[in-house]
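Thank you all for coming. I would like to take a few minutes to walk through one chain, beginning with a single residue and then widening the view.

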Amino acid sequence: MSEPDELIIEPRGGKPADACVFILHGLGADGHDFEPLVPALSLPEAASVRFILPHAPRLAVTINGGMVMPAWYDIKEMSLDRRVDEAQLKASAARIQALVHEQIQHGIPAERIILAGFSQGGAVAYQAALTFPERLGGLLAMSTYLATADSLEPAPANRELPIEIHHGHLDPVVPEVLGRAACDRLSAMGYPVHYRQYPMAHAVCPQQVADIGPWLSERLAR
């Protein structure tokens, strides 16, 4: 039997979910990559948050010699500007938006849904959240870049979306200058952006995890 397209972690104790957090993994990984993060967030005992960790499709990736691997989109070159397959990226973002719509149809308000993504997943999360037609609860962009900056058509409903950007200043894969550039671009567009820098490479560190939990709790507080 094949694995479902998403890993879903329900609230503790069998409580019905009243909020939802999507976490999109990076290139070559899958939804299980961020599974250990969920308990490490130490959310309040009363929190009833459903976590959805989608798996990317398997695609040929040009920068890896055309090797087929889990990828949200093809990266055609590793220059600082990064030439990517925008059509594939936007198709992945549309898939995530469809999953968000499903949660809304199941009774979770859009403003209690948060999108998060790491590296490639972060680029998809940017596109999915900023173009979503209903007001979301927040966006967490980790070690990533705004790949669709030049073609982005923001949705009016999310023009005040709280955006949290995390990046390691030792990142050799996605240089921090790209995270800073996304922050500057979005700030200039009027988004409320908060930037955090960490002493790490292309990864997630304990200090960062300790910051994510309170940020999520604040965004989802009733």
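Let me begin with a question: does Thr-148 count as buried or exposed, and what is its relative accessibility? What you have on the screen is a predicted model, and in this model Thr-148 counts as buried, because its relative accessibility is 0%. Thr-148 sits in the loop between β9 and β10, and, if we set aside its neighbours within four places in sequence, Thr-148 is in contact with Glu-86, Leu-89, Lys-90 and Gln-127.

One of those partners, Gln-127, leads us to helix α3, where Gln-127 is among the buried residues. Helix α3 covers residues 120-130, and 11 of its 11 residues are buried, so the helix is largely enclosed by the rest of the structure. Among the buried residues of α3 are also Tyr-126 and Ala-129, and I will use each of them to move on to another part of the chain.

Ala-129 takes us to Asn-158, which has its place in the loop between β9, residues 138-142, and β10, residues 163-168. Asn-158 counts as buried, because its relative accessibility is 0%. A polar atom of the Asn-158 side chain lies 3.5 Å from the backbone oxygen of Ala-129. Apart from neighbours within four places in sequence, the contacts of Asn-158 are Ala-129, Phe-132, Glu-134, Arg-135, Leu-136 and Tyr-191.

Tyr-126, in turn, takes us to Ile-165, a residue of strand β10. Ile-165 has a relative accessibility of 1%, and therefore counts as buried. Beyond its neighbours within four places in sequence, Ile-165 touches a list of residues that includes Tyr-126, Ala-141, Gly-179, Cys-183, Val-193 and Tyr-195. For a sense of distance, the C-alpha atoms of Ile-165 and Asp-74 are separated by 23 Å, with their positions 91 residues apart along the chain.

Now to a residue with another degree of cover: where is Arg-219 found? Arg-219 belongs to helix α5, which runs over residues 206-220, and it counts as partly exposed because its relative accessibility is 25%, and partly exposed means between 20% and 50%. The side chain of Arg-219 reaches the backbone oxygen of Gly-137 at 3.0 Å, and, leaving aside neighbours within four places in sequence, Arg-219 is in contact with Ile-114, Gly-137 and Pro-162. Measured against Trp-72, by contrast, Arg-219 is 147 residues away in sequence and 26 Å away in space, C-alpha to C-alpha.Let me finish with the chain as a whole, which has 5 helices and 11 strands. For 222 residues, a compact globule would have a radius of gyration near 17 Å, and the chain, at 16 Å, agrees with that. The C-alpha trace spans about 45 × 45 × 35 Å along its principal axes, and buried residues make up 51% of the 222 residues. Of the contacts between residues at least 6 apart in sequence, 70% join residues at least 24 apart. The accessible surface comes to about 9800 Å², with 54% of it belonging to carbon and sulfur atoms. As for charge, the chain has 17 positive and 26 negative charges, and their mean positions are 3 Å apart.

Definitions and conventions:
Residues are numbered from 1 along each chain as its sequence is written. This is a predicted model: local features need pLDDT of at least 70, side-chain atom pairs count only at pLDDT 80 or more; totals for chains, interfaces and linings use all residues. Side-chain values use heavy atoms; hydrogens and water are left out. Helices (H or I, at least four residues) and strands (E, at least two) are DSSP runs, numbered from the N terminus. The radius of gyration is taken over C-alpha atoms; the globule rule is 2.2 Å times the number of residues to the power 0.38. Buried means under 20% relative accessible area, exposed over 50%, partly exposed in between (1.4 Å probe, protein chains only). Contact means heavy atoms within 4.5 Å. Accessible areas come from the Shrake-Rupley method with a 1.4 Å probe; for residues, only the protein chains shown count as cover. Lys and Arg count as positive and Asp and Glu as negative; His and the chain ends are not counted. The place of a charge is taken as NZ of Lys, CZ of Arg, CG of Asp or CD of Glu. A polar contact is a pair of N or O atoms within 3.5 Å; within protein, one must be able to donate a hydrogen and the other to accept it, and residues adjacent in sequence count only if both atoms are side-chain atoms.
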